[in-house]
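Visitor: I should like a close look at a single part of this model, with the surrounding packing and backbone described in the same account. Please include the cut-offs behind each term.

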Amino acid sequence: MNRNDRNAPASRPPPTGAADAPVSLPYARDFMLGRMFAADAAFDGLFYTGVTSTGIYCLPSCRARKPRAEHVQFHATPLEARAAGLRACRRCHPDAYRGVPPHEAALMAALGSVHVPDVPDVRALAAALHLGESALHAHWRALFQVTPGEWLARERVRLAARALRDTGERAAAIAFGVGFGSLSAFGAQFRRVMHLTPQAWRVAGRNGGLTLTLPAGVPLAVVWRDLSRDPRSVTQRVDAPAGRLTFAWTLPTGPQRVALHVTAGKVEVHPDEPDRLSSPDWEALHALTVRALGLHTPQTGRGWPVPLAPQPFDGLIWAVAAQQVTFAQACRVRRTLTERHGTPVAGDLIAPPTAAQLSALNDADLRAAGLTDARAALMRRLAGRAARHELNLDALARGTVSAARRTLLAVPGIGPWTAEYVLLRVLGFPDIVPDGDAALAASLRRTHALPTKPTPAQVQALLLPHAPRRSQAVLRAWHAALDRT
């Protein structure tokens with residue numbers, strides 16, 4: 001695929017660099033300190049952290065050592081921070097961050113004061129954000145690519161899942177504590193998002209395995225096809241007739257071979273050495289399985305699952321390896337990187353290299369795997385940022401699509417195609433169109449019998465009827481392109 005590359009708000013912050021005078025920030029100091037200490041990328045560009053003891057200013061998500069609270073001041077723009085005598089951090093590069101549109105800044109400022117358990121429904125969420133329900137739906141779909149109701153359910157389930165694993169509190173108390181109005185609603189939404197019951201999640205791993213329920217009618221042939229797209233893969237094996245998948249995955253305690261057996265609407269997850277695994281390992285196994293099978297987005301109607309790169313950093317490897325080359329070439333580069341720098345597990349499989357492993361290499365090591373100078377530099381740059389937790393893919397996936405896109409495009413070497421690929425295949429946003437993708441354009445040309453390859457604008461127009469699930473349409477087109485190779 002050849003590709004081109006919480007608290008009462010005050011005044012609204014302008015786009016970055018829009019004014020010389022200090023701007024009143026819409027957050028209380030304690031709230032901004034909390035977001036800074038949490039390295040929350042959702043607030044990048046909405047305020048900047050100034051550190052008086054070192055004389056630098058950073059994005060909230062910066063993973064440099066956090067300063068003491070008394071040494072922190074906050075600024076609305078980089079220009080304001082520089083006027084205070086501070087210089088830009090060389091780790092998070094705040095000046096390279098793209099500005100935030102005013103409407104997004106205003107909504108995120110208001111959202112900063114919303115406590116999900118205190119918002120019983122979409123109407124209450126709209127009131128808390130000072131929006132009408134129709135405006136809320138329009139803004140939410142554009143920013144998060146889900147409806148407000150879907151977002152609320154997902155956030156409640158996320159809070160409940162953490163409480164179920166970390167506390168001994170009764171499930172009913174947890175359900176009402178995170179804002180569900182009834183136990184039946186809690187159970188239904190939990191199963192829809194997590195693909196198992198709350199009780200099964202609480203005890204997951206205690207019997208040496210994990211079992212998820214598949215949505216009714218999920219087209220598994222799509223999953224088999226997608227996971228088989230590199231027939232020489234060294235990280236996974238696919239036996240579609242037997243309904244068996246085998247992966248080499250890196251868990252918190254280390255790499256391990258993991259078998260997935262799909263039968264009768266369920267998927268059973270069996271690691272080779274279950275007795276070695278901790279609770280975080282089982283939670284990671286659940287997340288990896290959901291990503292690999294495309295279950296991160298609840299299925300509706302005849303929709304296709306969109307499998308993600310199970311391990312997010314491996315998705316970045318795919319994205320860099322695939323810049324401006326054919327799909328076969330991208331597979332070859334990724335295989336070489338994995339064979340040379342990954343970790344072998346049982347069954348002749350190799351776990352993909354981690355960010356820490358690749359960050360320890362030099363550009364010559366990466367060029368030897370088949371990367372150009374520019375792509376080797378980008379791979380090492382991404383590996384370093386991910387290894388230092390400066391690039392938090394999980395946080396980007398939970399935030400707005402525009403914030404994720406801005407963060408990616410601020411990385412030197414990442415262009416529009418790479419950013420859109422990561423949004424679709426790594427972060428899992430459901431309405432993404434990499435309109436500069438050559439294979440996508442060629443597939444649409446054949447499907448629509450066009451005389452010439454469609455332009456990016458024409459690609460967008462052709463896929464518009466598939467909104468708000470255009471990622472599925474893109475995957476269909478990519479599969480069609482693979483069928484012709």
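Guide: The account below begins with one buried position in a sheet and then moves outward to other elements.

The model is predicted, and local features are given where pLDDT is at least 70, side-chain atom pairs count only at pLDDT 80 or more, and totals for chains, interfaces and linings use all residues. Residues are numbered from 1 along each chain as its sequence is written, and side-chain values use heavy atoms, with hydrogens and water left out.

Valine 258 belongs to strand E8, residues 254-263; strands (E, at least two residues) and helices (H or I, at least four) are DSSP runs numbered from the N terminus. Valine 258 has a relative accessible area of 0% and is therefore buried (buried is under 20%, exposed over 50%, partly exposed in between, with a 1.4 Å probe and protein chains only). Apart from its neighbours within four places in sequence, valine 258 is in contact with Leu245, Thr246, Phe247, Trp249, Val269, His270, Pro271 and Leu285, where contact means heavy atoms within 4.5 Å. Leucine 285 stands 27 residues from valine 258 along the chain, and their C-alpha atoms are 8.7 Å apart.

The surrounding sheet is open and has 5 strands in the order E5-E9-E8-E7-E6, with antiparallel pairing; two strands pair if DSSP finds at least two bridges between them. Strand E5 (210-213) and E6 are the edge strands, each pairing on one side only. From one strand to the next the twist averages 25°. In a regular strand, side chains alternate between the two faces of the sheet.

At the E6 edge, strand E6 (residues 236-239) pairs with strand E7 (residues 244-251) in the antiparallel sense over 4 bridges. Glutamine 236 has phenylalanine 247 of E7 as its bridge partner, and aspartate 239 has arginine 244 of E7. The hairpin of E6 and E7 has 4 residues between the strands, and glycine 243 takes a positive phi near 65° there.

Helix H11 (residues 279-292) lies across E5, E7, E8 and strand E9 (266-271), running at about 130° to E7. Axes are lines fitted to C-alpha atoms, for helices over the stretch in contact, and angles run from 0 to 180 degrees between N-to-C directions.

Another sheet offers a comparison of layout. Its 4 strands form an open sheet in the order E3-E1-E2-E4, with mixed pairing. The edge strands are strand E3 (72-75) and strand E4 (87-88), each pairing on one side only. Strand E1 (residues 48-51) pairs with strand E2 (residues 56-58) in the antiparallel sense over 3 bridges, and threonine 49 stands opposite cysteine 58 in E2. Helix H1 (residues 29-37) lies across E1 and E3, at about 100° to E3.

Helix packing can be followed in one pair. Helix H10 (residues 220-227) and helix H22 (residues 470-483) pack at an angle of about 60°, with axes 11 Å apart. H10 is therefore oblique to H22 (under 35 degrees is roughly parallel, over 145 roughly antiparallel, 65 to 115 roughly perpendicular, and the rest oblique). The crossing of H10 and H22 is left-handed, meaning that the near helix is turned anticlockwise from the far one by less than a right angle, whereas clockwise is right-handed. Val222, Arg225 and Asp226 of H10 make the contact with Leu475, His479, Leu482 and Asp483 of H22. By class, the contact of H10 with H22 has 3 nonpolar, 1 polar and 3 charged residues (Ala, Val, Leu, Ile, Met, Phe, Trp, Tyr, Cys and Pro are nonpolar, Asp, Glu, Lys and Arg charged, and the others, Gly among them, polar).

Some loop positions complete the account. Proline 468 lies in the loop between helix H21 (456-463) and H22, and the peptide bond from alanine 467 to proline 468 is cis, with omega near 5°. Most residues other than glycine have a negative phi, and most peptide bonds are trans. Glutamine 145, in the loop between helix H5 (133-144) and helix H6 (148-166), has a positive phi near 60°; its relative accessible area is 7%, so glutamine 145 is buried. Aspartate 348, in the loop between strand E10 (343-344) and strand E11 (350-351), has a positive phi of about 60°; with a relative accessible area of 68%, aspartate 348 is exposed.
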